[in-house]
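Please work through the exercises below with the sequence and the structure open beside you. Try each task before you read its solution.

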Amino acid sequence: MDPQAVKSNLVLILDYGSQYTHLITRRIRSLSIFSLCINGTSSLKAITDLNPSVIILSGGPHSVHAPNAPCFPDGFVEYVESRGIYCLGICYGLQLIVQRLGGEVRVGEKQEYGRMEIEVDKAVGLFGNKNTGDKQVVWMSHGDEAVKLPEGFEVVARSQQGGVAAVENKKRRFYGLQYHPEVTHTPEGMETLKHFLFNVCGVTAGWTMEDVLDEEIKVINDMVGPEEHVICALSGGVDSTVAATLVHKAIGDRLHCVFVDNGLLRYKERERVMETFERDLHLPVTCVDAAEQFLSELKGVVDPEKKRKIIGKEFISTFDAFAHDLEQKLGKKPSYLVQGTLYPDVIESCPPPGSGRTHSHTIKSHHNVGGLPKDMKLKLIEPLKLLFKDEVRALGKILNVPEGFLKRHPFPGPGLAVRVLGDVTEGNALDVLRQVDEIFIQSIKDAGIYDSIWQAFAVFLPIRSVGVQGDQRTHSHVVALRAVTSQDGMTADWYNFEHKFLDDVARKICNSVRGVNRVVQDITSKPPSTIEWE
């Protein structure tokens, strides 16, 4: 998707490392406005090339006084003012505006963290839809505070402690919120963002998945020559299925899908997926059995990052071999590889400087992003890389992808390798996990709650516990059950099963899967954990 196609209404977020930054992106897109997030220290040219109508400066963990504190580039203020661009600073972003435009920021005498009440001082601009004296609860998270505003700025809201909560300079089009409107802990935050974008900035809604589809087809046709052939890594999950269907719509039978059995699939996954491809999607799919190759390379590896990078490397090796075989048949070697990479994959893999978040940390390398080898021969086509999961599902619906595919829970590219903690080739870990996972997922489906859960799976733990089975002492494996609810995978809450359901599932697992005598449930949200264990 080319941001230039929607540049007249592009809301650009400059990321300074806040854990909430990408929630801003999501919230704005939910208003049918295209938003894009780039590194907060990107060059002025990178910003001007995108030609945004609104720029939002995110929060972050830094102090504006810290050495090498991240900041927008030289010439940014002049560019924004000369083009009439609206600029909103959130938390650290507000402090950055205040300091760089001639105000003063100090370490706060009273730090403000968590839920706090603010009061509207002036019902203008940011709070033009409120009344003076109105109060609301917001989410604060800052240690510094603005103590002197730049010339022409005014305070439009204060915290219950008297601190600056919101500022604005209508003439210069600079605005600031000291709290986080993007989080659910600020109940009226979305109302404030909506008012700011539509009523203050004059942005119009109109970005749709139909726009995304049309633009991506154009991009693919411009990229791929009329005689070139393309390979698609098809896993059977939502992302790769939608990506394959989209590219097939663009170039037809010059797309060649390949399903790789890497030995890390779920129970009967290979048979089920291939049958569904043939029956429902009618896409040309070749199944490649590479289980021995993958498991051989993973033998003895316990570090999660090493697993992901090995799997990424082996996938590309498999696709290169498939491309070579196609060359023998077609007389021309395919040059491109389609992947169902999503925006959260790119975010969590923390791409290198110039393309991502240099002021945040790598969460994990996704096999299709951070795990790709540098010397890969195939060029990538990633039509979904700026989309979140729910947006991909909406796109799939437009492409008439069967509902059964669109409702499938996400499954990680590295497969069960990141659900077996430790060496995946040790003992019968994969077989045990497959059986446990099948019981868990089937029980969820039988209970009629599959569609209420974002993702559910079992994890094989690298420990054994003492138990009693058949009146005999056992020293067997422990497995964990994980189920979460989410909108886009960036944040998640654990699913609260009924106790009877958990009791039934635990009994079924221990009675049916040889070698398991203990079942535990993961009840951690994201953050602080990730959804997957590795």
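**Exercise 1.** In which helix do F315 and F319 lie, and how many residues apart are they?

*Solution.* Bear in mind throughout that this is a predicted model. Begin with the position along the chain: F315 and F319 both belong to helix α10, which covers residues 304-330, and they are 4 residues apart, about one turn of the helix. Next, consider the rings, whose centres are 5.8 Å apart and whose planes make an angle of 20°. Planes under 30 degrees apart count as stacked, so F315 and F319 form a stacked aromatic pair. Finally, look at accessibility, where buried means under 20% relative accessible area. F315 has a value of 12% and is therefore buried, and F319, with 2%, is buried as well.

**Exercise 2.** Find the aromatic pair formed by Y86 and Y175, and work out which parts of the chain the pair ties together.

*Solution.* A search of the whole structure finds 12 aromatic pairs. One of them joins Y86 and Y175, which are stacked with 6.5 Å from centre to centre and 25° between the planes. Now locate the two residues: Y86 lies in strand β4 (residues 86-90) and Y175 in strand β9 (residues 174-177), so the pair ties together parts that are 89 residues apart in sequence. Both Y86 and Y175 are buried. As a further aromatic group to find, take F440, Y495, F497 and F501, which form one cluster.

**Exercise 3.** Describe the open sheet of 5 strands, and decide which strands stand at its edges.

*Solution.* First write down the order of the strands, which is β12-β11-β10-β13-β14, with parallel pairing. The two ends of this order are the edges: β12 (285-289) and β14 (379-381) each have a single partner strand, so one side of each is left without a neighbour in the sheet. Neighbouring strands of this sheet are turned by 30° against each other on average, with direction ignored. Then take one pairing in detail: β11, residues 255-261, pairs with β12 in the parallel sense over 5 bridges, and V258 stands opposite T286 in β12.

**Exercise 4.** How do the axes of helices α6 and α12 cross, and which residues make the contact?

*Solution.* The axes of α6 (residues 209-223) and α12 (residues 389-398) come within 9 Å and cross at roughly 75°. Angles from 65 to 115 degrees count as roughly perpendicular, and α6 is therefore roughly perpendicular to α12. On the side of α6, the contact is made by M209, E210, V212 and L213, while α12 contributes E391, A394, L395 and I398. Sorted by class, this contact has 6 nonpolar, no polar and 2 charged residues.

**Exercise 5.** Examine the backbone at N68, K268, P527 and P528, and state what is unusual there.

*Solution.* Start from the general rule that most residues other than glycine have a negative phi, and most peptide bonds are trans. N68 is not a glycine, yet its phi is positive, about 60°; N68 is placed in the loop between β3 and α3, and its relative accessibility of 77% makes it exposed. K268 likewise has a positive phi, near 55°, and lies in the loop between β11 and α8, where it counts as partly exposed at 46% relative accessibility. Turning to the peptide bonds, the one from K526 to P527 is cis, with omega near -15°, and the one joining P527 and P528 is cis with omega about 20°. P527 is found in the segment after β18, and P528 also lies in the segment after β18.

Methods. Residues are numbered from 1 along each chain as its sequence is written. This is a predicted model: local features need pLDDT of at least 70, side-chain atom pairs count only at pLDDT 80 or more; totals for chains, interfaces and linings use all residues. Side-chain values use heavy atoms; hydrogens and water are left out. Two strands pair if DSSP finds at least two bridges between them. Axes are lines fitted to C-alpha atoms, for helices over the stretch in contact, and angles run from 0 to 180 degrees between N-to-C directions. Angles under 35 degrees count as roughly parallel, over 145 as roughly antiparallel, 65 to 115 as roughly perpendicular and the rest as oblique. Contact means heavy atoms within 4.5 Å. Ala, Val, Leu, Ile, Met, Phe, Trp, Tyr, Cys and Pro count as nonpolar, Asp, Glu, Lys and Arg as charged, and the others, Gly among them, as polar. Rings of Phe, Tyr and Trp (its six-membered ring) pair if their centres lie within 6.5 Å; planes under 30 degrees apart count as stacked, over 60 as edge-to-face and the rest as tilted. Buried means under 20% relative accessible area, exposed over 50%, partly exposed in between (1.4 Å probe, protein chains only).
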